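User: I am new to this structure and would like a close look at one part of it. Please take the part step by step, and then place it in the rest of the chain.

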Amino acid sequence: MSQIDRAEPHAIPRLAIFTDFDGTLVELAETPDGIDVPVSLAHQLERTARELDSAFAVLTGREIEDIDKYLAPLHLPIAGAHGTQRRRADGFVETVDPAAVLAAEEIAHTIEPLVSAHPDLVLEAKEGAVALHYRRAPELEDVCRHAMEEAVNGIPDFTPVAGKMVIEARPRSMTKGTALRAFMQEEPFSGRLPIFIGDDTTDEDGFIAARNWVASASSWAKAKRQRACASPMSPLSMPCCRARATSSPATGNMNRRIRAPELHPLAELQFGARTKIGAKHMSRLIVVSNRTPGKGPAAGGLAVALRKTLSEREGFWFGWSGRLVDQPEREAEFEDIDGLSVAQIDLTRDDHHDYYAGFSNSILWPSFHLRLDLATIEAHWYEGYRRVNVQFARALLPLLKPDDVIWVHDYHLIPLASELRNLGARNRIGFYLHIPFPTSDALYAIPHHNDLMRDLSRYDLVGMQAKRDVAAFTEFADHQSPSSLSGNPLKSVDFSRTEVDSFPIGSDPDAFAKLSVSPAATKMVKRMERDAARAKTDPGRRPARLLQRPAPARRSL
């Protein structure tokens, strides 16, 4: 008998399967009521649930009663209206938050005139959510998106979400991901490996939750090793169970084949590439920082690392141009700077003062460094801080492609992910903090710290300089509940979808060595030498220290 014959078979983990409905179990239709549900669907799902010991649930944008109508007499665990509604495996139906119901009714009322003017549009009012379908009028996509964004504007923590020929509004804190996590804490799902199957951008939260649930059950380091080494032919060996349903022409609508899971967007964000089985493709990297790079050599950690990264892949750098203007700039202008594609916007003098000199550097910088004695607080600075982040988001959004990876840098732009999400961006977004993260006591002293922490929870990945910063962040996040932060579940801070880790970054000693002998450095040293020589011959001049030419930097640095 060969070694292969004697080898023990791989243990197959117990699975918990979560699936979308429209586009996954049934084909999409022009209207929500126009779907064709095969007669055998309920029987097939009942058999699947039985083989999984009932660890099978439907996570859908439809309402629970709508799914029950199509799958009668089967009553599965269901999360409806993108997680706003939920029926547990024991049959208990959780009450929808009254605030969400009222908000959804207000949004629907605002959208109704548009639907009346365009009969091909379909308004689907749900309990706690709203959907505007334009499948029969695709030319009205931009109109529908704009109308939903305007309707959601001013509704606390409601966000527009774009899907296939539909734009929806739902509570930001209620998603398919939150529903999946809730199911995974209950029987019969608890202790199993979650797999989420979907076909739309509205399913991304479910993919993220499934991956994060597995990562939290084992060490992150182990998960990274498994993710890097897993064979694409053995999807169950991968810690990220991310599946998409596709139709099989040979077997028809209901017999679905599961494509090998892709790397999860969070993993792709960390590795810097979107990897697809059998394809060679790398997403663009979009770097966002307060200031864009200037011309000439750079030796600082941020500039060196990002210049090198951007030079090796497609993408661009986005940020403030350094110019102050009378009117805020709405569109970014591209410029080639030493081979880098750089997109820049101008700021008004008042906005720059409130955002940069005010809230960023007079409040956040000293507070994050535990120097509260140096902090100065003006109430209106926060408004300018948010206003500039909104300006950044609105100027950046039209430049993005769906699979772009966005990397945001430092404390000036903490709210940027929230503002991009509010505008409908579904991209993977990471954030890197270049200064220390404050202790809980210092964080509580910062005005609007709840909003800032909520903003950080909108990122897929948050990176920090040191493990102590991660520990301070985790200490605050682990000891907060949604009610203690805001008193309103619609304004919850949910870090279950956000990966936080330390990624130390330093400076390039070789770049410093070259900089020390560059023409600019030589010119500066000669000027200092001349000033020092004059100080020796002119008693009236203030003496200056004669600087020696710096020695080349060593690797030991």
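Which residues have the most contacts inside the largest nonpolar core, and how many residues does that core have?

Analyst: The model is predicted, and local features are given only where pLDDT is at least 70, side-chain atom pairs only at pLDDT 80 or more, while totals for chains, interfaces and linings use all residues. Residues are numbered from 1 along each chain as its sequence is written, and side-chain values use heavy atoms, with hydrogens and water left out.

The largest nonpolar core has 52 residues. Val 288, Phe 318, Phe 392 and Phe 437 are those with the most contacts inside it. A nonpolar core here is a set of buried Ala, Val, Leu, Ile, Met, Phe, Trp, Tyr and Cys residues joined through side-chain atoms within 4.5 Å. Buried means under 20% relative accessible area, exposed means over 50%, and partly exposed lies in between, with a 1.4 Å probe and protein chains only.

Helix 12, residues 379–396, gives the largest share of this core, 8 residues. Helices (H or I, at least four residues) and strands (E, at least two) are DSSP runs numbered from the N terminus. Phe 392 can be followed through its contacts, where contact means heavy atoms within 4.5 Å. Not counting residues up to four places away in sequence, Phe 392 touches Val 288, Ser 289 and Asn 290, then Phe 318, Gly 319 and Trp 320, and also Ile 345, Leu 347, Leu 413 and Leu 416. Val 288 and Phe 318 thus appear both among the residues with the most contacts inside the core and among the residues that Phe 392 touches.

A second core, separate from this one, has 41 residues, including Phe 18, Ala 29, Leu 41 and Val 58.

Helix 12 also takes part in the largest pocket, where the largest share of the lining, 8 residues, comes from this helix. On a 1 Å grid over the protein atoms alone, a pocket is an open set of points with protein on both sides within 12 Å along at least five of seven lines; a cavity is a set of points where a 1.4 Å probe fits but cannot get out; lining residues have an atom within 4 Å of a point. Grid points are joined across faces, edges and corners, and a volume is the space filled by probe spheres set on the points.

The largest pocket has a volume of about 1,300 Å³. It is lined by 38 residues, and Val 390, Arg 394, Glu 419, Asn 422 and Leu 423 are the closest to its centre. Besides helix 12, the elements that each supply at least two lining residues are helix 5 (141–152), strand 7 (158–163), helix 13 (416–422) and helix 15 (449–456). The lining has 15 nonpolar, 6 polar and 17 charged residues. In this count Ala, Val, Leu, Ile, Met, Phe, Trp, Tyr, Cys and Pro are nonpolar, Asp, Glu, Lys and Arg are charged, and the others, Gly among them, are polar.

Strand 13 (residues 315–325) holds Gly 315. Gly 315 is partly exposed, with a relative accessible area of 22%. Leaving aside neighbours within four places in sequence, Gly 315 is in contact with Arg 284, Leu 285, Ile 286, Leu 310 and Ser 341. The C-alpha atoms of Gly 315 and Ile 406 are separated by 9.6 Å, although the two are 91 residues apart along the chain.

Helix 11 (residues 349–368) bends by about 40° at Ser 360; the bend at a residue is the angle between axes fitted to the seven residues ending there and the seven starting there. Just after helix 11, Leu 370 has a positive phi of about 65°.

Elsewhere, the structure holds 3 cavities of 30 Å³ or more, and the largest has a volume of about 330 Å³. Its lining has 24 residues, with Asp 22, Leu 28, His 133, Val 166 and Glu 168 nearest the centre. Strand 5 (122–126), strand 6 (129–133) and strand 8 (166–171) are the elements that give two or more residues to that lining. By class, the lining of the largest cavity has 6 nonpolar, 6 polar and 12 charged residues.

For the chain as a whole, there are 19 helices and 19 strands. Of its 557 residues, 52% count as buried. Among contacts between residues at least 6 apart in sequence, 69% join residues at least 24 apart.
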